[in-house]
Each structure stands twice: as C-alpha cells, then as structure tokens.
Amino acid sequence: MRRYGKHTDEDDIRSRPNRKGNRPRTNIRPKHEDAAGGMVLTVDRGRLTCLVEDRVVMAMKARELGRKAAVVGDQVALVGDLSGRKDTLARIVRIEQRSSVLRRTADDDDPYERVVVANADQLAIVTALADPEPRPRLIDRCLVAAFDGGLEPLLVMTKSDLAPPDKLLELYGDLDIPFVVTSREELENGDAADRVRTHLDGRVTAFVGHSGVGKTTLVNALVPEDRRRTTGHVNAVTGRGRHTTTSALALPLSGAGGWVVDTPGVRSFGLAHIDPSRVIHAFPDLEPGTEGCPRACSHDEQDCALDAWVEEGHADPARLYSLRRLLATRERREGD
C-alpha cells in the first residue's frame, strides 16, 4: 500500500471525481435564522396547510426533521416560497416546543401513539344526551387525556330536547368542570353557539366526541363563514353516528381571537401512552382519598382507601367504578 509523508506532492494524489456533480455531504445543518413563523391548520397526506401572518401557505416537512411530525396547532418555522400562491410549496424546518399535547391510541392494545392536537388550551368534550346515548367511560378517558396533556376540560352536552342533563351533571358535578347544555333548536337559532363561545374567547380549543353527537354541527355554528363537511345521522340499528369529519382542522373564531380545532369523531379513545399511575389525576374527587392507600396501591385491592372514601360520601360510587374499569383495562393490556 502506498504511504505518504507529511510533505506529499498534491500532484501525486489521485482524487475520485464526483460523478453526480452534487455537493459533498455534511453534518452541518443550516440554522434557518431567517425562517418565518407559522401555525399548522391541517395535515393531508404529507402536505401541511399553515398560516403565516395573514397568508395560507402550503408546506411540506424538511428531510432534516426526520420522523418528527408536525400536527394541527403546532407552531413551526418555514422557509422557501411563503407567498401562498397556487402551486407553491414551502418547507417546515423547525417545530417549536409544545405547551400542551392531546394524544390517543386506537385502543389500549395499540402501542402507536397519535398526537391529535398541539398547543391547545382546552378540550371541549362533546356528548349527546340521547341519540346516541351518552358514554360516560369515553368521557372519563377524554378527561384522562386532557389532564395528562395539560389541557383544561370543557363538557358540552347536546340534544337536551331529547333527554335531560341531570344524570350526567350529577355524575360530574364534583369535578368542577365547566359545562354547557344545548339543544338542536338553540344550535339553529345561534343561542347555543353564543353560550359556548364565552368559554372559547382568546383560547385554542380542541373539540372531541364520538360520531353523531353534533360536534361538527356545533363547529359550523361557531364558525359559519367556514363550514365543515355536511353533518351525518345516527344509524338506527347500531346507534352510532357516521363519520363526517375525516381530518383535524383549525378554524379561527371570528371576533374573539381564539381558535376552534374540529377533530374526527372517535369510537374509542385508547390510553396506552399514559402511565396507569397518572390516571387518578383525572379524578380529582377521588385523588384525596388515596392518601390512606398502601404503597403502590392499584386502587382495586382489598386495602385500598378509596372504598372508605366513597362510603363516607366524599365521591360518587360510579366515579370509583369508572376509575377501576379504566385501570383494569390498562392492566389487561400490560399483561398480554
């Protein structure tokens, strides 16, 4: 093998030509200090619609971000063509730190975590009082995700003309969660939207609920100038609604300085990404009762102090049942 000393003649060194003619690779990445800030409004098959100042810009994720994905609500930095003209494309080169995140899995056996919305201030959990029937355990799961992700919950009950809200209000009354009760007539004449809007001013609010509860109808009433897809009906056989929203979308709340994020209807809300020991934080009416629990208590054993806490009247027995059902579901997943 030929060896070279410290004073080699450069003419003796044979260099391999770059046949592709492109620049050599480097680990030094540009800092993009001149990148413009924007907000992700929606994501569709790798294309992200962003708001940059007062312009709607289509963008794609830069390769340097790797697998890190931007979601609706993310604050991002963009470079490239930011004019917003047709057939132009910018690049997202940085995703800023998130203040909150709403996450879910398809079910409790799914290890793949899906980030639904980033940087939302509150989670509006929309549930119908009838047609379809309310699902308290789904509400509990949404509450778990909200508390875990740093969002404040808001309970919105629809179709009060079909059933009274007393039962649900009694079930969640001790949680001190703000709520709004609406009817179909109030949605049509705008009264419901006005009452819900008082909780949304100046905030980013993600709306979640299972299909058929009137979530998209409510969003259409809140943002009439940018109506979403046509609303669907509840299946008379299954009692379930038809999906009418297929992707999350952030919409500006006119005159209030806030944002409404409409999300696709869900039929399950998996919590595989949440540590079971944090589930109790979504039940503030039960949490003080855990002070007398033994160490590493599963809250579903003979010495659990929550039984005495409920018997003394500090919380509704239905709340303890809901907590234990959630924990039992998680334990079955972990034992598989």
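A cavity, as I use the word, is a set of grid points where a 1.4 Å probe fits but cannot get out, and a lining residue has an atom within 4 Å of such a point. With that settled, note that what you see above is a predicted model.

I'll start with the enclosed space. Searching the whole structure turns up two cavities of 30 Å³ or more. The largest holds about 40 Å³. Its lining is made of Ile125, Val126, Thr127, Arg135, Leu138, Ile139, Cys142, Gly209 and His210. Strand S8, residues 122–128, and helix H1, residues 136–149, each contribute at least two residues to that lining. By type, the lining comes to five nonpolar residues, three polar and one charged.

The second largest cavity has a volume of about 30 Å³. Around this one you find Ile125, Ile139, Leu143, Pro153, Leu154, Leu155, Tyr172 and Ile177. Here H1 and strand S9, residues 152–158, each supply at least two lining residues, and S9 has the largest share, with three. What is the split into nonpolar, polar and charged for this lining? Eight nonpolar, no polar and no charged. If you are following on the structure, Ile125 and Ile139 appear in the lining of the largest cavity and again in that of the second largest.

Now the strand that leads up to Gly209 and His210. Strand S11 covers residues 204–208, and five of its five residues are buried. Which residues sit on each side of S11? Val204, Ala206 and Val208 are on one side, Thr205 and Phe207 are on the other, and both faces are covered.

S11 has strand partners as well. S8, which we met at the largest cavity, pairs with S11 in the parallel sense over four bridges. In that pairing, Leu123 has Ala206 as its bridge partner. S11 is also joined by four bridges to strand S13, residues 258–262, and these two run parallel. There, Phe207 is partnered by Asp262.

Next, the start of the strand numbering. Strand S1, residues 36–44, and strand S2, residues 47–52, run antiparallel and are joined by five bridges. Val40 stands opposite Cys50. The two strands make a hairpin with two residues between them, and in the turn Arg45 has a positive phi of about 50°.

S2 then pairs with strand S3, residues 55–61, again antiparallel and by five bridges. Val52 is opposite Arg55 here. This is a hairpin too, with two residues between the strands, and the turn residue Glu53 has a positive phi of about 55°.

S1 comes up again at the open space. The largest pocket contains about 690 Å³. It is lined by 28 residues, and those closest to the pocket centre are Val43, Val71, Arg114, Val115 and Val116. S1, strand S6 (101–104) and strand S7 (114–118) each give at least two residues to the lining. The largest share, three residues, is from S7. How does the lining of this pocket divide by residue type? It has 15 nonpolar, six polar and seven charged residues.

Last, the aromatic rings. How many aromatic pairs does the structure hold? Zero. There is, however, a charge over a ring: Arg104 lies over the face of Phe269, 5.6 Å from the ring centre. For orientation, Arg104 falls in the residue range of S6.

Definitions and conventions:
Residues numbered from 1 in each chain as written. Predicted model: local features only at pLDDT ≥ 70, side-chain atom pairs only at ≥ 80, totals over all residues. Heavy atoms only, no water. 1 Å grid on protein atoms, 1.4 Å probe; cavity = no way out; pocket = protein on both sides within 12 Å on 5 of 7 lines; lining within 4 Å. Points joined across faces, edges and corners; volume = space filled by probe spheres on them. Nonpolar A, V, L, I, M, F, W, Y, C, P; charged D, E, K, R; others polar. Pairing = 2+ DSSP bridges. Phe/Tyr/Trp six-rings, centres within 6.5 Å; stacked < 30°, edge-to-face > 60°. Lys NZ or Arg CZ within 6 Å of the ring centre and 35° of its normal. Buried < 20%, exposed > 50% of the residue type's maximum accessible area, 1.4 Å probe, protein only.
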